[in-house]
Amino acid sequence: MAKAEKAAAVAELKNAFESSNGAVLTEYRGLTVAQLKELRTNLGENAKFAVVKNTLTKLAADGAGLDEQFTSLLEGPSAIAFVNGDVVEAAKGLRDFAKANEHLVIKGGFIDGKSMDAAEVAKLADLESREVLLAKLAGAMKGNMAKAAAVFAALPTQTAQLAEALRAKREAAGETVEAPAAAPADDAPAPEAAADEAPAE
């Protein structure tokens, strides 16, 4: 490969590292051309599966600021799935394909510039996809909105019940206050008697 071609290849890989949401590094030794095509199809449009040269990829990874944990995995025949979208979904696709095709070995990767080993990629694949999480979030928000709507709908009824209870309580309190007020009429001294008892001048 000519020097200019190498420089162009490194620049392309560096751009792929920098523009991707994440990537998964694999070893593909033993996979047929047909199997690689099937894998690319399974990954869909959000991931680009590219066979890479380790020496050029190390230069590109260094240029993109990836740490030694990632570059140390660049041994043997390497291919990288560059993901522009849901990294979890791509990790699931690679894991499932690797289960059915033992020649595909997941070695590690990175997400948002942070390196991952093979075990961490496996944990990533076990997570729920972005679509599932968004659906659950929407369901939770819908449930909370329904609860809030029920509370708001109940407020007028509760307010009316409270007002009625207060009115009934006031009426009951009014009856206990008014009852003793009428009773002392017979016992009160007449005005004439009060006048008779006044001391003479």
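Rings of Phe, Tyr and Trp are taken to pair if their centres lie within 6.5 Å. In this predicted model, a search of the whole structure finds 4 aromatic pairs, and one aromatic cluster is formed by Phe-17, Phe-70, Phe-82 and Phe-110.

Within this cluster, Phe-17 and Phe-110 form a tilted pair, with 5.7 Å between the centres and 50 degrees between the planes. Because Phe-17 belongs to helix H1 and Phe-110 to strand S4, this pair ties together parts that are 93 residues apart in sequence. Phe-17 is buried, with a relative accessible area of 4%, and Phe-110 is likewise buried, at 1%. Phe-110 also forms an edge-to-face pair with Phe-70, at 5.9 Å centre to centre and 90 degrees between the planes. Phe-70 lies in helix H4, so its pairing with Phe-110 in strand S4 ties together parts that are 40 residues apart in sequence. The relative accessibility of Phe-70 is 0%, and the residue counts as buried.

Helix H1, which contributes Phe-17 to the first of these pairs, comprises 17 residues (3-19) and reaches 24 Å from its first C-alpha to its last, close to the 24 Å expected. Its buried residues are Ala-9, Val-10, Leu-13, Ala-16 and Phe-17. They lie on the same side of H1, because they cover an arc of only 120 degrees around the axis. The exposed residues Ala-4 and Glu-12 are carried on the face turned away from this buried side. The buried residues of H1 pack against helices H3 (54-63) and H4 (68-71), and against strands S2 (47-52), S3 (78-83) and S4 (105-111).

How values were computed: Residues numbered from 1 in each chain as written. Predicted model: local features only at pLDDT ≥ 70, side-chain atom pairs only at ≥ 80, totals over all residues. Heavy atoms only, no water. Helix = DSSP H or I, 4+ residues; strand = E, 2+ residues; numbered from the N terminus. Expected span 1.5 Å × (residues − 1). Buried < 20%, exposed > 50% of the residue type's maximum accessible area, 1.4 Å probe, protein only. Arc of directions from axis to C-beta. Contact = heavy atoms within 4.5 Å. Phe/Tyr/Trp six-rings, centres within 6.5 Å; stacked < 30°, edge-to-face > 60°.
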